[in-house]
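Hi everyone, thanks for coming. Please have a look at the structure on the screen, and then I'll walk you through a few spots in it.

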Amino acid sequence: MLFDHELAWKDPSIYREIYANSIASPEKFWEYHCSKLFPEQVFNASFNCLDRNVKKNPNKTAIVWYGDEYCERREITYIKLLEMTQKIASELIRRGIRKGDSVTICMPMIPESIAAMLACCRVGAVHNVVFSGFSSAALSERIFRSSSKVVITVTTSSRGGKIIPLLKNVLNAINDMNVEVLLADYVDDFSLDERAICYADMKYNDTMFTLYTSGSTKEPKRIFHTCGGYQLYSAMTFKYIFDIKEDDVHFCTSDIGWITGHSYITYAPLFFGLKLVIFSGTPMYPNGGRYWEIIDDEKVTILYSAPTAIRCLASLGDEQLNRYNLSSLRVLGCVGEPMNESAWQWYFENIGKKRCPIMDTWWQTETGGIILAPLHNIEYQKPCFASKPFFGIIPGIENDELIIKNKNWPGLSSNFSKNDGEIYHTGDKAMIDNDGDFRILGRIDDVVNICGHRLGTSEVESVVNTLGEIEESAAIGIPHRIKGQVLCIFVTTTTDLTDEQKKSVTEEISSRIRQDIGAIAKPDRVVFIHELPKTRSGKIKRNILKAIGESKGVISYNGKDLDSVINPACIKDIEKSIKYAIRV
Ligand code: WTA
């Protein structure tokens with residue numbers, strides 16, 4: 001059947017034919033693939049990722065883990081990962097966790113974390129992974145709002161040479177909530193409960209997990225994904241877009257705290273029984289050769305990383321890079337924020353040696369898996385284009401915004417129903433060229449993207465506004481060479497402050513954000529002004545602040561924008577103040 005064609009993501013005419021089929025009869029298309037990928041119709045992810053693969057090849061390596069320091073490396077086979085999963089599942093069962101219960105996971109990038117996710121799936125619990133770099137206040141809110149009965153964590157973790165006291169953070173976070181802590185450090189000592197040998201019967205539409213992500217409101221959004229749709233879509237996209245083979249060695253540098261770490265570290269690669277490489281350090285510690293050494297040692301074939309990491313590594317020059325052999329690489333990928341041309345070229349030439357196609361994949365927590373990605377032909381690579389829709393997806397552009405005109409692809413989060421209309425609004429700005437290739441240009445809503453991490457500006461503002469000296473604030477993203485964007489916060493104060501006082505308020509803003517959200521939301525600079533530009537109805541004109549924040553001297557405004565500001569004189573003041581922005 002043409003649907004399974006191995007050139008599906010390579011040959012443009014075959015791609016077009018399959019795509020046309022998938023759009024013409026989506027039900028037939030998805031049902032066909034569902035029956036191929038889930039022949040037993042079992043939708044428990046723990047079964048699909050573990051039991052099935054253990055039956056085929058128990059001693060195949062599932063995970064190779066690299067730690068923060070050079071000497072740290074562990075290898076976990078599929079049978080061992082199943083055993084770890086069953087042991088953690090046993091502890092969950094002993095704590096009364098049953099199908100549908102919510103469990104928070106706050107863990108670093110270690111094999112135990114993947115076992116913890118699969119253990120939740122095994123018993124049918126809904127996991128809620130919280131990025132381990134969030135502050136205990138942010139963690140606390142997510143534990144509480146998800147009504148978790150158990151939090152799985154480890155005592156400490158280390159990243160970039162720093163020790164993070166995870167257990168301490170978790171204990172702070174749960175304070176007097178009625179929540180139990182399960183320490184996964186001791187998984188080998190856990191005893192096996194017979195009930196964890198089996199797996200919960202999960203239906204196609206049962207909730208598999210939830211994940212919080214930033215939106216344009218004060219509160220993070222809780223996204224839900226279902227067992228069948230999510231696994232089907234993440235597995236399908238992985239299979240075609242990365243053109244996977246059984247002996248691939250897959251290295252995705254994301255973190256389980258984000259959706260990429262769910263779909264393309266954990267669920268899709270293990271679904272296909274691949275060998276994965278995970279790394280709990282940073283690409284720069286103790287030097288910028290970590291990724292390249294790992295790729296060389298493990299003969300990695302697929303590298304899936306983030307533009308911020310690529311820009312950062314590119315800025316180091318090629319001295320480290322030239323020490324290693326990267327010829328095992330076959331496909332490169334990136335996700336999380338727009339690429340820029342020089343980083344794209346560097347990735348293509350210096351890492352892929354012009355042999356590897358770059359999968360600049362565009363998608364979101366809400367979409368469950370990749371929505372846009374380029375085809376695999378080297379001759380036809382367009383830098384920074386996410387290019388083509390995956391099968392079954394009908395993208396379009398409406399007022400510069402990327403929209404998806406159908407909501408019937410299986411990966412879409414169950415938060416979005418057809419009752420709210422047929423169109424899915426992405427919140428991203430995009431363009432389409434004459435070949436029908438899409439290019440993403442960044443967010444159009446009040447969400448910024450710092451190092452590939454989504455952050456709602458109103459989440460930040462609500463923290464800043466709790467300071468006594470602050471009257472009002474507006475956070476915006478401004479471009480940054482490596483991080484993509486950084487936060488610039490405009491504030492008005494209740495009284496006039498001296499320069500010394502401004503410095504100390506800036507420090508307080510930074511430490512309050514660190515405490516309430518986490519280090520990823522730390523601002524780059526704070527600008528003290530007398531008045532925010534607002535419309536008659538009181539809405540802050542962020543585009544004016546953005547124009548000023550981004551300006552390198554000359555600012556041009558759209559006349560309409562200026563007319564709508566209640567007091568245009570405040571703009572001159574802001575232009576002056578930006579020169580005195582206080583760097584954090
Ligand atoms: C951005 C991450 C440009 C975009 C999987 C999106 C991208 C948000 C790309 C989702 C890309 C993701 N090019 N921008 N290839 N991929 N984005 O939910 O703004 O953490 O809306 O999911 O990241 O972030 P999220």
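Let's start with Leu 441, which sits in strand β21. Keep in mind as we go that this is a predicted model. Is Leu 441 buried, partly exposed or exposed? Its relative accessible area is 43%, and the range for partly exposed runs between 20% and 50%, so Leu 441 counts as partly exposed. Leu 441 also has company: together with Ile 397, Met 431 and Ile 432, Leu 441 makes up a nonpolar patch on the surface. The accessible area of those four residues together is about 310 Å².

Now, on to the ligand. Which residues come nearest to the ligand? There are 17 residues around it, and the nearest are Thr 361, Thr 365, Asp 428, Arg 443 and Arg 454. If you sort the shell by residue type, you get six nonpolar, six polar and five charged residues.

Let me show you some of the contacts. In Thr 365, a polar side-chain atom is 2.5 Å from an oxygen atom of the ligand. For Arg 454, an N or O atom of the side chain lies 2.7 Å from a ligand oxygen. And with Gln 364, the distance between a side-chain N or O atom and an oxygen atom of the ligand is 2.9 Å. How much of the ligand does the protein cover? On its own, the ligand has 530 Å² of accessible area, and the protein covers 96% of that. Two elements give two or more residues to the shell: α9, residues 259-271, and β21, residues 438-443. You have met β21 already, as the strand that holds Leu 441.

Last, a few backbone details to look for in the loops. Between β12 (275-279) and α10 (290-298) there is a loop that contains Pro 286. The peptide bond joining Tyr 285 and Pro 286 is cis, with omega at about -10 degrees.

Next is Lys 354, in the loop between α12 (341-351) and β15 (358-360). Lys 354 is not a glycine, yet its phi is positive, near 60 degrees.

Cys 384 also has a positive phi, about 70 degrees, without being a glycine. You'll find Cys 384 in the loop that runs between β16 (372-373) and β17 (388-389). Is Cys 384 buried or exposed? The cut-off for buried is under 20% relative accessible area, and Cys 384 has 4%, so Cys 384 is buried.

That's my tour, and I'm happy to take questions!

Notes. Residues numbered from 1 in each chain as written. Predicted model: local features only at pLDDT ≥ 70, side-chain atom pairs only at ≥ 80, totals over all residues. Heavy atoms only, no water. Near = heavy atom within 4 Å. Polar contact = N/O pair within 3.5 Å; in protein donor to acceptor, adjacent residues only side chain to side chain. Areas by Shrake-Rupley, 256 points an atom, 1.4 Å probe, with all protein chains shown as cover. Helix = DSSP H or I, 4+ residues; strand = E, 2+ residues; numbered from the N terminus. Nonpolar A, V, L, I, M, F, W, Y, C, P; charged D, E, K, R; others polar. Patch = residues over 30% accessible without salt bridge, like charges linked within 9 Å, V, L, I, M, F, W, Y side chains within 5 Å. Salt bridge = Lys/Arg side-chain N within 4 Å of Asp/Glu carboxyl O. Buried < 20%, exposed > 50% of the residue type's maximum accessible area, 1.4 Å probe, protein only.
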